Structures are given as structure tokens and as C-alpha cells.
Amino acid sequence: MMIIMLENTLISHELEEMKIQIDNLKKKLEDQTIVNEKHIRNSFRRKISDINRTVTMTVIVGILALVYCTWFFHFKGLSLAFTIATGIMLAVCVILTLIQKIHLSRIDISAGNLVETARDISKIRSHYKEWYKTAIPMIIIWVGWMTYEILTRFGMTPMTIGFLSGAATGVILGGFIGGRINKKIINRAEELLGYIEELQKEN
């Protein structure tokens, strides 16, 4: 009888130790989950800030280009239609970029609605993915029109050739930089969607 009682006591003691170990393991896992979730959320905020800075810089450059180009083309005596069209084109680009900036400012990972956050980021990513379809034809038309305006106004002179060569260089360089910025925003958006997937797994 004593032996049985002793065995039961030992078994009870072992079970209690196992329960304590399991509780400790659960606590460690919970702590790791909290730390991991906090790390993901901090990384998410850093990426959002990075995109926001890039978009803000694009808006500033767009506004400067709007003011300078309309003044320059008017000063050089190019047609009013071309000057206004250039102003409208640049203004639309700035406005569309500002809209994306507003969408970015409304994204709050701490709000908890991950599905809605993912939807907002997907819209931003789609906007920049579709940008090429509109931008490239628009730039081609604008460059062709500008070439026509310059040749009509000044004729084929060394100054005109130099100006058009400089303009072509500027367009190529601007397109390259714009493409890099566009790709960067798309990549950041995809990274953010990856973070959201991780958070959804955690929850």
C-alpha cells in the first residue's frame, strides 16, 4: 500500500513538473510571437515611411517641373496650346501622386484591420504597375509635339539641335529615374503585403 502511495506521489510530482514545463514553453512561444509581431509592425512602419518620403520627393519635383516648364516654354515663345497642355499634363501627374500620398497617410497597421490595409496597399501597387501604360504613350506624344514646336519656332539651327539633344537626354534620364522610383515603390508595396501575410499567420 505504501509503495502504491509513493508511486502515485512520484507520478503526481512528475505530472506537476511537466505541467510547469509546458506552461513555461507556452509563455516562451507567446513572448516570441509578441516580439516577432512587434518586429514585423516596426518593419512595416519603416517601409511605409520610405514610400512616403519617395512620393513626397516626387510631388516636390513635379511641382518644380510644372512651374519651370510652363514658364520656360512661354518665355521661349512656344504655342500657348503646347504650354497649357504641358502644364495640365504635369498638374495631373502631381495630383495623382498626391492622391497616392493621401492613401499612404491613411494606412495604419496598428488599427488591426489587416484585410483593409492589404487592399489599400494593393491599390497603390496596382496604380504604379499601370503607370507605364499611360506614361510612355503620353511622353512620346509630348516629345513629338515639343520637337514640332521647337522646329517650327526656331528652324533647324545648331542651337535647335543642341536644345533637342539636351531635351532628349533629359527625357531619357528622367524616364530612367522615374522607372527606378516606380519599381522601388512597387517592391516596397509587395514587401508590405508580405508583412501583412506574416501578421495574419501570427493571428
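# A four-helix chain, from one threonine outward

Let's start with a single residue. Thr-160 has a relative accessibility of 1%, so it counts as buried. The cut-off for buried is under 20%. One caution before we go on: this is a predicted model.

Where does Thr-160 sit? Its place is in helix H4, which covers residues 158-202. Now look at what surrounds it. Set aside residues up to four places away in sequence. Thr-160 then touches Ile-150, Leu-151, Phe-154 and Gly-155. With Gly-155 there is also a polar link. The side chain of Thr-160 reaches the backbone oxygen of Gly-155, at 2.8 Å.

Stay in the same helix for a moment. Leu-164 is in H4 as well. Is Leu-164 buried or exposed? It counts as buried, because its relative accessibility is 18% and the cut-off is under 20%. Again, leave out residues up to four places away. Leu-164 touches Thr-147, Ile-150 and Leu-151. Ile-150 and Leu-151 were also on the list for Thr-160. Here is one distance to find on the screen. Leu-164 and Met-146 are 18 residues apart in sequence, and their C-alpha atoms are 9.0 Å apart in space.

Now the whole chain. How many helices and strands does it have? The count is 4 helices and 0 strands. Read from the N terminus, the order is α-α-α-α. The chain has 203 residues, and 25% of them count as buried. It exposes about 13,700 Å². Carbon and sulfur atoms supply 67% of that area.

What about contacts along the chain? Take those between residues at least 6 apart in sequence. Of these, 82% join residues at least 24 apart. Keep that figure in mind for the salt bridges.

Next, helix H2. It runs from residue 80 to residue 106, which is 27 residues. From first C-alpha to last, H2 reaches 39 Å, close to the 39 Å expected at 1.5 Å a residue.

Which residues of H2 are buried? Among them are Phe-82, Thr-83, Thr-86, Met-89, Leu-90 and Val-94. Further along, the buried residues include Thr-97, Gln-100 and Leu-104. Notice the spacing in that list. Here is a general rule that helps. An α-helix has 3.6 residues a turn, so residues three or four places apart point the same way.

Take Thr-83 as an example from H2. It counts as buried because its relative accessibility is 9%, with the cut-off at under 20%. Leaving aside neighbours within four places in sequence, Thr-83 is in contact with Thr-70, Phe-73, His-74 and Leu-78.

H2 also carries nonpolar residues on the surface. Leu-80, Ile-84, Ile-88, Val-92, Ile-95, Leu-96 and Ile-99 make a nonpolar surface patch of about 620 Å². Pick out Leu-96. It lies in H2. It is partly exposed, with a relative accessible area of 38%.

Last topic: charges. Side chains of opposite charge can pair when their charged atoms come close. How many salt bridges does the structure hold? It holds 6.

Let's follow some of them, starting at Asp-50. Asp-50 is buried, with a relative accessible area of 14%. Its side chain meets that of Lys-184 in a salt bridge, at 3.5 Å from N to O. Asp-50 lies in helix H1, residues 2-75, and Lys-184 lies in H4, so this pair ties together parts that are 134 residues apart in sequence. Lys-184 itself is partly exposed, at 32%.

Asp-50 has another partner. It forms a salt bridge with Arg-188, where the closest N and O atoms are 2.7 Å apart. That pair links distant parts of the chain too: H1 and H4, with the two positions 138 residues apart.

Arg-188 then leads to Glu-191. The closest N and O atoms of that salt bridge are 3.7 Å apart. Both residues lie in H4, 3 residues apart, about one turn of the helix. Glu-191 counts as partly exposed, at 30% relative accessibility. Put the shared partners together. Asp-50, Arg-53, Lys-184, Arg-188 and Glu-191 are joined into one network of salt bridges.

To finish, find two things on the screen. First, buried Thr-160 in H4 and its reach to Gly-155. Then Asp-50, with its salt bridges to Lys-184 and Arg-188.

Methods. Residues numbered from 1 in each chain as written. Predicted model: local features only at pLDDT ≥ 70, side-chain atom pairs only at ≥ 80, totals over all residues. Heavy atoms only, no water. Expected span 1.5 Å × (residues − 1). Buried < 20%, exposed > 50% of the residue type's maximum accessible area, 1.4 Å probe, protein only. Polar contact = N/O pair within 3.5 Å; in protein donor to acceptor, adjacent residues only side chain to side chain. Contact = heavy atoms within 4.5 Å. Areas by Shrake-Rupley, 256 points an atom, 1.4 Å probe, with all protein chains shown as cover. Patch = residues over 30% accessible without salt bridge, like charges linked within 9 Å, V, L, I, M, F, W, Y side chains within 5 Å. Salt bridge = Lys/Arg side-chain N within 4 Å of Asp/Glu carboxyl O.
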